[in-house]
Amino acid sequence: MLANELQHKIDFKTKPLGALGQLEYLAHQIGMVQKTLSPQLLHPHMVVFAADHGIASAGVSAYPQEVTYQMVMNFLGGGAAINVFCRQQGIEIRIVDAGVNFDFPEGLKLIDKKVRKSSRNMLEEAAMTEGEYLQALENGRSVVAEIAETGCNIIGFGEMGIGNTSASSLMMSRLFDLSAEDCIGRGTGLNDEQLQHKVLVLSGVLEQYPHAKTVDEIAQTFGGLEIVQMMGAMEEALQQHMLIMVDGFIASVAAAALSKKNPEILKHCIFCHVSDENAHQKLLELLGQKALLNLSLRLGEGTGCALAYPLIQSAVNFLNEMSSFEDAHVSNKE
């Protein structure tokens with residue numbers, strides 16, 4: 001059995017049992033996903049989905065909505081944190097317009113998957129119609145299907161969208177039957193007064209839609225276009241047998257929603273870091289997952305994935321390259 005063979009290979013490296021800690025679990029996970037004792041990481045990609053949120057008009061973010069399109073331009077210019085870290089690690093980056101409230105000029109290296117300009121305002125109506133929701137899922141799938149043709153077998157997902165911690169908090173609350181307060185954090189850096197306002201607004205939104213119960217109803221009602229496209233992208237990555245690097249709170253909510261429909265996806269997910277967003281640690285515990293890094297990040301963009309990538313490489317490399325006790329003629333403790 002592959003699981004036992006992988007564990008034997010890990011255990012008999014020249015080290016005490018378990019001495020490489022979480023890297024050993026990671027090596028085992030990667031071997032199982034790739035169904036091999038000698039896994040490889042091929043053509044790593046990072047996809048950043050960007051979209052605006054109607055709920056942003058209710059003042060739930062410390063930043064104005066136009067920051068979404070301005071940051072997309074920064075990504076395309078190579079000047080954001082995710083660009084720096086992807087260049088450092090040799091990760092190919094793709095930027096997707098899932099629903100930014102802006103008309104981008106022609107000729108940009110931007111993947112146009114815009115369903116509409118911004119999700120709808122949840123204070124007035126569901127974030128998406130059913131048609132928009134299904135289109136967003138399909139658009140996300142198509143992005144990954146195209147990347148799969150490059151031979152990529154490990155992919156990370158990040159996001160950009162002013163207001164998207166609100167959408168994610170609402171989704172988490174309804175997915176796990178938690179109070180709004182348990183799922184809401186400071187997002188882009190709200191002060192105490194702004195945080196209390198956010199709690200009041202989002203609690204009111206939850207009360208408006210008591211009948212949104214299934215995963216699809218929850219994501220359509222409370223999600224964002226970039227979150228739903230990320231869900232579609234993760235589904236396709238699973239179908240393509242890829243390793244899925246999950247960034248912070250928002251990406252974790254997308255993975256959590258999918259896991260309610262198909263728990264198998266968690267076997268492919270590497271949760272790269274636990275963010276400073278209030279509910280992220282709680283969400284990881286609910287999913288039974290442990291993050292690789294805890295650096296107090298709360299940036300999004302996929303930055304946690306890019307920072308964790310060298311550790312993922314290290315897990316693969318020790319499995320493939322480190323000597324066993326027998327190979328190295330080193331005495332085992334027996």
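Start with the crossing of helices α4 and α14, which is left-handed in this predicted model. Select residues 81-89 for α4 and residues 303-321 for α14; the two axes come within 9 Å and cross at roughly 20°. An angle under 35 degrees counts as roughly parallel, and α4 and α14 are therefore roughly parallel to each other.

Now show the side chains between these helices. On the α4 side, pick Ala 81, Ile 82, Phe 85, Cys 86 and Gln 89; they meet Thr 303, Ala 306, Leu 307, Tyr 309 and Pro 310 of α14. Coloured by type, the residues of this contact divide into eight nonpolar, two polar and no charged.

Next, go to a second helix pair, α11 (249-261) and α13 (residues 280-287). Their axes lie 10 Å apart and the helices pack at an angle of about 25°. α11 and α13 are therefore roughly parallel to each other, and their crossing is left-handed. To see the contact, select Phe 249, Ser 252, Val 253, Ala 256 and Ser 259 in α11, then His 280, Leu 283, Leu 284 and Leu 287 in α13, which they meet. This contact is made up of six nonpolar, three polar and no charged residues.

Keep α11 on screen and add helix α9, residues 215-222. α9 is mostly covered, with six of its eight residues buried. The buried ones are Val 215, Ile 218, Ala 219, Gln 220, Thr 221 and Phe 222. Which helices cover them? Among them are α5, α6 (164-176), α8 (192-208), α10 (225-239) and α11 (249-261).

From Gln 220, step across to Thr 129. Leaving aside its neighbours within four places in sequence, Thr 129 is in contact with Arg 120 and Gln 220. Thr 129 is found in the loop between β3 (111-112) and α5 (130-148). Is Thr 129 buried, partly exposed or exposed? Its relative accessibility is 33%, and it therefore counts as partly exposed. For a distance to display, use the C-alpha atoms of Thr 129 and Ser 119: these residues are 10 apart along the chain, and the atoms are separated by 9.5 Å.

Last, look at the nonpolar cores. In soluble globular proteins, nonpolar side chains tend to be buried together. The largest nonpolar core here has 73 residues, of which Ile 155, Phe 157, Met 171, Phe 222, Met 231 and Met 234 touch the most other members. Another core, of 42 residues, lies apart from it and includes Leu 26, Ile 91, Leu 293 and Ala 306. Ala 306 also belongs to the α14 side of the contact with α4, where the tour began.

Note on methods: Residues numbered from 1 in each chain as written. Predicted model: local features only at pLDDT ≥ 70, side-chain atom pairs only at ≥ 80, totals over all residues. Heavy atoms only, no water. Axes fitted to C-alpha atoms, helices over the stretch in contact; angles between N-to-C directions. Helix = DSSP H or I, 4+ residues; strand = E, 2+ residues; numbered from the N terminus. Parallel < 35°, antiparallel > 145°, perpendicular 65-115°, else oblique. Left-handed = near helix turned anticlockwise from the far one by under 90°. Contact = heavy atoms within 4.5 Å. Nonpolar A, V, L, I, M, F, W, Y, C, P; charged D, E, K, R; others polar. Buried < 20%, exposed > 50% of the residue type's maximum accessible area, 1.4 Å probe, protein only. Core = buried A, V, L, I, M, F, W, Y, C linked by side-chain atoms within 4.5 Å.
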